[in-house]
Amino acid sequence: MIGVFLSVMRRDLLLAWRRRSDMLTTLGFFLLVTSLFPLGVGPEPEQLSHIASGVMWVAALLATLLSVQRLFESDEADGTLEQMLLSVEPLAVIVLAKVCAYWLLTGLPLVVMAPLIALQFNLTPDETLIACATLLIGSPTLSLLGAVGASLTLGLRGGGALIALLVLPLYAPLLIFGAGAVDAWRAGLGVQSHFALLGACLLVALAVCPLASAAALRIAQD
Amino acid sequence: MSGSTASLIEVRALSCVRGSARLFSGLDLILGAGELMHVAGANGSGKTSLLRILCGLSEPASGEVRWRGAPAASVRDDWRSGLLYLGHRNAVKDDFTPLENLRASAAIAGDTTPGDVLLRALVDIGLGARLDVPARSLSQGQRRRVALARLLADTRSALWILDEPFTALDTGAVAVLSRAMAAHLARGGAIVYTTHQPVDINAARRQTLNLDDFS
């Protein structure tokens, strides 16, 4: 089980490395969207630092939504997905390996890029650290929920719009806890509860999403 | 073979519906060790649908699939580990070399065949000179060979389910593949396959199932 997890993850990472440009689109989207806000709402530092964490979170979840729909697309098109369904290994483990590789390629770069964006929004070092930490804990959950949406809409025409309708409502609680942490810190309240809730969401998603996604893939291939 | 009397896979009163069309109904088949079954029928008669039902990718509209005498759904792990399915899509990644592709397929299947066996299978199927090039620069027939190399490396599966295995292959590759199929049968394996090409496969026991008879 560990063996198949590691080999599927290695396979997806290697495939992504051979097609590096795909990965950069998501990151470029995140950078561009967050950079448009200072241009749009004006350069007052006070105002920018107020909207900073919200903008970063919205951009992160839109960037995830854009790229996650391709998670199973190429495997479905070339017949690899059939072989995954026929594997003696649990499909949920294969799905989890794919989501882990996906997060390393798209979620983690967003977290790494976040301090740079925080600079544009005039966040203090403490606030930057909190914003990055919420993204670090929150973005794997975004990927996991996105994978369920991707498997439910696999092979559907107009799946792109449908996945947004399915997944965005589920992203709402994460957005509230994630973006709220910086505000709570600024107001002098503790941020512990925000992190606890984000962590709880991650654990629930880790337990449920691979199974839900695997079930949806089996139905999609019938 | 001692197991030749026991059935490997068996279906009873199977019917398949796609959309609003009934493809076939009342289909029974029994396949034992060492047996070769050619599924024939016109285009759209449900050959691929039948093969997908036999390996559990699709659910039949009605009827039952039994694996080694037990309802297949109740012995799902044993059923999956006992079969090897190659559909008409190759499951070959453009960005991987043939060996990387074969390694990835084996890993996904949960198969621990060592790398040198996989390498030998690729050489045997005639890709020895193309081992280092990404699959995107291979021809259609060569990509098919990458997928089929899994059969040459396989020693685990009892039942091969092959959907149009000979498509796009040249005569040399067809000969290699039919020898591999004959060897699998001689080892006590069974094969279900579809083809529109007349190919001579050496088999002691063979059946032909014409789906047009069940439409």
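This is a chat about the pockets, cavities, surface patch and salt bridges of a predicted model.

Me: What makes the ground rules here?
Reply: It's a predicted model, where local features need pLDDT of at least 70, side-chain atom pairs count only at pLDDT 80 or more, and totals for chains, interfaces and linings use all residues. Residues are numbered from 1 along each chain as its sequence is written, chains are lettered from A and ligands numbered from 1 in the order in which they are written, and side-chain values use heavy atoms, with hydrogens and water left out.

Me: Why is A:Leu162 called partly exposed?
Reply: Buried means under 20% relative accessible area, exposed over 50%, and partly exposed in between (1.4 Å probe, protein chains only). A:Leu162 has 35% relative accessibility, so it counts as partly exposed. You'll find A:Leu162 in helix 8 of chain A. Helices (H or I, at least four residues) and strands (E, at least two) are DSSP runs, numbered from the N terminus.

Me: What makes the nonpolar surface patch?
Reply: A:Leu152, A:Leu156, A:Leu162, A:Leu165 and A:Leu166 make it, over about 460 Å². Patch members need over 30% relative accessible area and no salt bridge; nonpolar side chains (Val, Leu, Ile, Met, Phe, Trp, Tyr) are joined within 5 Å, like charges within 9 Å. The areas come from the Shrake-Rupley method with a 1.4 Å probe, and for residues only the protein chains shown count as cover. Helix 8 (residues 159-186) of chain A brings the largest share of the patch, three residues.

Me: Why is the pair A:Asp75 and A:Lys98 called a salt bridge?
Reply: The term asks for a side-chain nitrogen of Lys or Arg within 4 Å of a carboxyl oxygen of Asp or Glu. For A:Asp75 and A:Lys98 the N to O value is 2.6 Å, so the pair fits the definition. A:Asp75 sits in helix 4 of chain A and A:Lys98 in helix 6 of chain A, so the pair ties together parts 23 residues apart in sequence. Both A:Asp75 and A:Lys98 are buried.

Me: How do you know that B:Arg205 and B:Glu35 meet in a salt bridge?
Reply: Their N to O value is 3.8 Å, so they pass the 4 Å limit. The pair links distant parts of the chain, with B:Arg205 in strand 9 (residues 205-210) of chain B and B:Glu35 in strand 3 (residues 35-40) of chain B, 170 residues apart. B:Arg205 is at 33% relative accessible area, so it's partly exposed, while B:Glu35 is at 11%, so it's buried.

Me: What makes B:Asp170 partly exposed, and B:Arg145 buried?
Reply: B:Asp170 has a relative accessible area of 40%, so it's partly exposed. B:Arg145 is at 12%, so it counts as buried. Their side chains meet in a salt bridge at 2.7 Å, N to O.

Me: What makes one network out of salt bridges?
Reply: Shared partners do: the bridges join A:Arg11, A:Asp12, A:Asp75, A:Asp78, A:Lys98 and B:Lys93. Over all chains, the search finds 20 salt bridges.

Me: What makes a pocket, as opposed to a cavity?
Reply: On a 1 Å grid over the protein atoms alone, a cavity is a set of points where a 1.4 Å probe fits but cannot get out; a pocket is an open set with protein on both sides within 12 Å along at least five of seven lines, and lining residues have an atom within 4 Å of a point. Grid points are joined across faces, edges and corners, and a volume is the space filled by probe spheres set on the points. The largest pocket has about 500 Å³. Of the 20 residues lining the largest pocket, the closest to its centre are A:Ala16, A:Arg19, A:Asp22, A:Arg70 and A:Leu71. Helix 6 of chain A gives the most to that lining, with five residues.

Me: How do you know which residues count as charged in the lining of the largest pocket?
Reply: Asp, Glu, Lys and Arg count as charged, Ala, Val, Leu, Ile, Met, Phe, Trp, Tyr, Cys and Pro as nonpolar, and the others, Gly among them, as polar. The lining of the largest pocket divides into nine charged, seven nonpolar and four polar residues.

Me: What lines the largest cavity?
Reply: The lining includes A:Gln83, A:Leu86, B:Arg80 and B:Tyr85. The largest cavity has a volume of about 80 Å³, and the whole structure has four cavities of 30 Å³ or more. Strand 6 (residues 83-86) of chain B supplies the largest share of its lining, three residues.
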